Amino acid sequence: MAAKQMRTARTRKRKISWYWIFFLTLIAIGLVSGTVLVALLKLNVAPRTLASYLAHRGEGHSRLITYPVNKFAALLQRLDRGPELSAALEYPAWAGAQKTARTETQPAKFLIDRPEALQTALDAAQPGDRIEFLPGVYRFHGEAINIRRGGTETAPITLAAHQFGDVTMEFDMLEGFHINAPFWHFENLTIRGVCENDGNCEHAFHIVGAARGVEIRNNRIEDFNAQIKINGEGGHFPDNGIIEGNSLTASHVRRTDNPVTVIDLVAVNNWQIRHNLIADFIKRDGDGISYGAFAKGAGSGNRFESNLVLCEYRLRGEPGQRVGLSLGGGGSTDQYCRDHRCITEQDGGVLHNNVVSFCSDAGIYLNRSATSQLTHNILLDTAGVELRGAETNGRFSGNLLDGGIRIIDDAELETSDNQIAGRLAAYFGYHPVRALFRDAASLDLTWAGAPPAGGKPQPGEIDFCGRPRSAQPILGAFENFAACLKH
């Protein structure tokens, strides 16, 4: 009897011990989880950003360190970005350049039927002239095609194909068009960089100095480090240009340590960048950082509107950081700034009605940019919005943001009427803004349910799909995605 009582007592003691172990384990898990959550909230970085940092820090260590670190980084990426998708076969037909014939009735003064004839026509053109390629493929070599004679505001000079898809220009050269004269229009061209070394295909267009009022419309431009580069020269600045309705893409990862930025604006004012498809700008070498488009260098009044920016669409799975749109970029040295002081990188910049997606880093990045306006944008599968520098301030309203907002070094942002998915939710694989759409991962942006209403109506405002906004506006870039598909 005594032995039985002793066994019962020992059993009861073991049960009590296990209860305490279980209880203390729960407390420990709670404390660790709470500490982790507090750390994540304080850190305020997207899971993809933390994953990239951890993978980088783990490089060069033993497999005992790199293996668990890489596994954890892969988990963070999967929670944030979702399952790995196969490469998309085609860019969306509703964005970028369209196969529509020109509507001008003016006949071409110059017809180009061979590459050697182009420079002669460019040098002879007068204000109001139209230079047109006959259908075909034209390959160019050398350093650049120089444009030194200008048009006027009321009589620009136009270089075009009769219809988009008829003409392909292949550039095996450092720069394609080097433009230092005002009021040139470029329309309906396909321009490809075909350099064996990616570092030798820098720009399709380099717009400098006196080249104000340049317009680039309805072209497909691919495989350059910066399809369009714009900057001052000799104390003159090529202001007041338009980049509209173009497809700016890449067929492969850029194997270069040169800067990779599809549209690169430095020290210029009042450019309108609208209705473009900007996709697959991936830099393999050097710092691995690339941008879809930025404006920097103490310029002002530059506007990015109704662009579709797909950082990684047909090209995926590469290391490095892709940023969608930026005011300020990575910053400028004083000698390249319009005021030679770089008090701010940008002033009065506007990002309106853009759709930015599939970015390994921030969808929108502001760096030392004052009085910025970020309105009615949609950001999906990005690290959100990042602001840096005490000079940075602006207004953020009417947006749908998947990824949260990160503010660094005393930047300021006034927010109203937005729907924002915080970064913490992404650590648990929860993405409520993406869930607003039928299938954000495949760019089916039809509303999955009732669209999110909010904000104040602006009379006469047109949305991403080209339709007037209603009296009770919808958050984000468009009211009804079906209108985009009718283009």
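Author: Residues under 20% relative accessible area are buried, those over 50% exposed, and those in between partly exposed. The model discussed here is predicted.

Reader: Is Glu-391 buried, exposed or partly exposed?

Author: The relative accessible area of Glu-391 is 29%. Because the class between 20% and 50% is the middle one, Glu-391 is partly exposed.

Reader: How many residues apart in sequence are the parts that the pair of Arg-368 and Glu-391 ties together?

Author: The side chains of Arg-368 and Glu-391 form a salt bridge, at 3.5 Å from N to O. Arg-368 sits in the loop between E27 and strand E28 (369-370), and Glu-391 in the loop between strand E31 (385-388) and strand E32 (393-397), so the parts joined are apart in sequence by 23 residues.

Reader: Which residue forms a salt bridge with Arg-438?

Author: Arg-438 has 56% relative accessibility and therefore counts as exposed. Its closest N atom is 3.7 Å from an O atom of the partner, which is Asp-444.

Reader: What is the N to O distance in the salt bridge of Asp-113 and Arg-114?

Author: Asp-113 is partly exposed at 47% relative accessible area, and Arg-114 is partly exposed as well, at 44%. Their side chains meet in a salt bridge with an N to O distance of 3.1 Å.

Reader: Which strands are the edge strands of the open sheet?

Author: The open sheet has 10 strands, paired in parallel in the order E4-E7-E10-E13-E16-E19-E23-E27-E31-E34. From one strand to the next, the twist averages 15 degrees. An edge strand pairs on one side only, which holds for strand E4 (145-147) and strand E34 (405-408).

Reader: How many residues of strand E13 are buried?

Author: Strand E13 (residues 226-231) pairs in the parallel sense with strand E10 (residues 203-208) over five bridges, where Val-208 stands opposite Asn-231. With strand E16 (residues 260-266), E13 pairs over four bridges, and there Ile-228 has Ile-263 as its bridge partner. The strand is mostly covered, the number of buried residues being six of six.

Reader: Which residue in E27 stands opposite Leu-327?

Author: Strand E23 (residues 321-327) and strand E27 (residues 364-367) run parallel and are joined by three bridges. Opposite Leu-327, in E27, stands Leu-366.

Reader: Why does Thr-158 count as buried?

Author: Thr-158 belongs to strand E5 (residues 157-161). Leaving out residues up to four places away in sequence, its contacts are Asp-129, Arg-130, Ile-131, His-185 and Glu-187. Buried means under 20% relative accessible area, and Thr-158 counts as buried because its relative accessibility is 9%.

Key
Residues numbered from 1 in each chain as written. Predicted model: local features only at pLDDT ≥ 70, side-chain atom pairs only at ≥ 80, totals over all residues. Heavy atoms only, no water. Pairing = 2+ DSSP bridges. Helix = DSSP H or I, 4+ residues; strand = E, 2+ residues; numbered from the N terminus. Axes fitted to C-alpha atoms, helices over the stretch in contact; angles between N-to-C directions. Buried < 20%, exposed > 50% of the residue type's maximum accessible area, 1.4 Å probe, protein only. Contact = heavy atoms within 4.5 Å. Salt bridge = Lys/Arg side-chain N within 4 Å of Asp/Glu carboxyl O.
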